[in-house]
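This briefing concerns a single structure, shown below. Aromatic contacts are treated first, followed by a helix and a loop residue.

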Amino acid sequence: MISFADQSAVVVGAGAGIGRSAAGLLARLGAAVTCVDRDAAAAAEAADEIRAAGGRALAATADVTDPAAVRAAFGAAAGEFGPIHAAVNCAGITGQTGIPSHEVSLDDFAHVHRVNVHGAMVVSQVALGHMLPNGYGRIVHVASISGKDGNPNMVAYSSSKAALIGMVKVQGKEYAQRGITVNAIAPAVIRTDMVAALPDDVVAYMVSKIPMGRTGELDEAAAMIAFVASSACSFTTGFTFDLTGGRATY
Ligand code: NAD
């Protein structure tokens, strides 16, 4: 049911973690995948991995906070593979964590919002520019359970993901009659480098909140992204899909 045959997908933040895993799965399901990351070497590695497995891939370097670079990356994707059917935005940072709000650096707060919210807005805008003329598109952002629940001592991250969830609700409604869906997924802890870099007590807190009592796996995140980015996900937009092992039941 889920196939990306004859489709082109752009995965932003494809250099590592959830994005890397999603890019690989979309390619295995038939998509030509443009792997975009601010880390040029990581983007190239992700694309090489797909090609080595027999898939079609292109690498592009862009920081999501730089609209011109993101436009260039999507332009390269369209130049190589034609119309873009799916855009998956996995670029995101936690910023400083383990710090209560009254001690948080406002510079760090602004930086996290710049990447996680402003950057997501850039990806949506650029993707929409490609998808609107075609009357078809799937945009998927990666939010977080922290955007729904509010993880203590992660105010910059949690509030940025809440803003992202709000943006997706708006854009889902705006393009609902134009053939384009805009959704997010909200994972709890998925085992990636980003999580490995967090303090143990922050990770332990997050796992303790998960009824399944474990972290999520990259394959599980990729599978959900693949569904939401596919034509099979056709009657849901503006929604944030849960990926929390039972933590969020709303
Ligand atoms: P990761 O650090 O393993 O990978 C993130 C990738 O995005 C990296 O390749 C990085 O270079 C790239 N990136 C970061 N900032 C960028 C920027 N400004 N422009 C372009 N590329 C950029 O992280 P991950 O754990 O795979 O997380 C991916 C997304 O999932 C993030 O939005 C994160 O907030 C979200 N998320 C992760 C978890 C988790 O437990 N891992 C949970 C909830 C949400």
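F227, F239 and F241 form one aromatic cluster, in which rings of Phe, Tyr and Trp (its six-membered ring) pair if their centres lie within 6.5 Å, with planes under 30 degrees apart counted as stacked, over 60 as edge-to-face and the rest as tilted. The model is predicted, so local features need pLDDT of at least 70 and side-chain atom pairs pLDDT 80 or more, whereas totals for chains, interfaces and linings use all residues. Residues are numbered from 1 along each chain as its sequence is written, and side-chain values use heavy atoms, without hydrogens and water.

**Aromatic pairs**
- The structure holds 2 aromatic pairs.
- F227 and F241 meet edge-to-face, at 6.4 Å centre to centre and 85 degrees between the planes.
- Because F227 lies in helix α9 (residues 218-228) and F241 in strand β7 (residues 240-243), this pair ties together parts that are 14 residues apart in sequence; helices (H or I, at least four residues) and strands (E, at least two) are DSSP runs, numbered from the N terminus.
- F239 and F241 are also edge-to-face, at 5.0 Å centre to centre and 75 degrees between the planes.
- F241 is buried at 13% relative accessibility, while F239 is partly exposed at 41% (buried: under 20% relative accessible area; exposed: over 50%; partly exposed: in between; 1.4 Å probe, protein chains only).

**Helix α8**
- In α8 (residues 200-208), V202, V203 and M206 are buried.
- On the other side of α8, D200, D201 and S208 are exposed.

**Loop residue A53**
- A53 is found in the loop between α2 (40-52) and β3 (56-61) and is exposed, at 68% relative accessibility.
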